[in-house]
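User: I am in my first year and would like a close look at a single part of this protein, with each term explained as it comes up. Could you take me through the part where charged side chains meet in a helix, and then set it beside its surroundings?

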Amino acid sequence: MTHTPIRTCVACKRKRPAGEMLRVRKVNSAIRCGSGPGRGAWVCPDEKCVARMFEKRLLLRALRVESMPSDWEQCMGRLLEMAKERNAEG
């Protein structure tokens, strides 16, 4: 039996297996989408959760930053694309 890591969405607080969620991470002063090193946050592959995470500034708290990095709009756009792709698959 294998262990499945469970993660919590920063927007809706729903718990899901990590493979079903999208990861956002802080690398130096930039935001990156996907896996890799850096402080991370998890969000459901739902457009509403992605939008809420940015609108309510929940991502700032999760990544422990004072202000939104300059590339946050690109990251939000990429996350919305990833959410649409995931929803189209499932």
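Analyst: What follows begins with the salt bridges of one helix and then moves outward to the loops, a charged patch and the strands.

This is a predicted model, in which local features need a pLDDT of at least 70 and side-chain atom pairs count only at pLDDT 80 or more, while totals for chains, interfaces and linings use all residues. Residues are numbered from 1 along each chain as its sequence is written, and side-chain values use heavy atoms, with hydrogens and water left out.

The part to look at is helix α3, which covers residues 72-89 and holds both Arg78 and Glu81. Helices here are DSSP runs of H or I with at least four residues, strands are DSSP runs of E with at least two, and both are numbered from the N terminus. A salt bridge is counted where a side-chain nitrogen of Lys or Arg lies within 4 Å of a carboxyl oxygen of Asp or Glu, and by this rule there are two salt bridges. In one of them, the side chains of Arg78 and Glu81 meet with a distance of 3.5 Å from N to O; along the helix, Arg78 and Glu81 are three residues apart, which is about one turn. Arg78 also forms a salt bridge with Glu85, where the closest N and O atoms are 4.0 Å apart. Through these shared partners, Arg78, Glu81 and Glu85 are joined into one network.

How open are these side chains to the outside? Buried means under 20% relative accessible area, exposed means over 50%, and partly exposed lies in between, with a 1.4 Å probe and protein chains only. Arg78 counts as partly exposed because its relative accessibility is 35%, and Glu81 is partly exposed because its value is 44%. Glu85, with a relative accessible area of 43%, is therefore partly exposed as well. Asn87 is another residue of helix α3, and its relative accessibility of 45% makes Asn87 partly exposed. The C-alpha atoms of Asn87 and Val50 are separated by 13 Å, although their positions lie 37 residues apart along the chain.

Moving back along the chain, Arg64 is found in the loop between α2 and α3. Arg64 has a positive phi near 60 degrees and is not a glycine, whereas most residues other than glycine have a negative phi. With a relative accessible area of 61%, Arg64 is exposed. Arg57 likewise has a positive phi near 60 degrees; Arg57 sits in the loop between α1 (47-55) and α2 and, at 46% relative accessibility, is partly exposed.

Helix α2, residues 58-63, contains Arg61, which counts as exposed because its relative accessibility is 63%. Together with Lys13, Arg52 and Lys56, Arg61 forms a positive surface patch. Patches take residues with over 30% relative accessible area and no salt bridge, joining like charges within 9 Å and nonpolar side chains (Val, Leu, Ile, Met, Phe, Trp, Tyr) within 5 Å. Accessible areas come from the Shrake-Rupley method with a 1.4 Å probe, and for residues only the protein chains shown count as cover. Lys and Arg count as positive and Asp and Glu as negative, with His and the chain ends not counted; the place of a charge is NZ of Lys, CZ of Arg, CG of Asp or CD of Glu.

Finally, there are the strands, where two strands pair if DSSP finds at least two bridges between them. Strand β3 (residues 22-27) pairs in the antiparallel sense with strand β4 (residues 30-33) over four bridges, and Val24 has Cys33 in β4 as its bridge partner, while Lys26 stands opposite Ile31 in β4. These strands, β3 and β4, form a hairpin with two residues between them, and Asn28 in the turn has a positive phi of about 55 degrees. β3 also pairs in the antiparallel sense with strand β5 (residues 39-43), over five bridges, and there Arg23 stands opposite Trp42.
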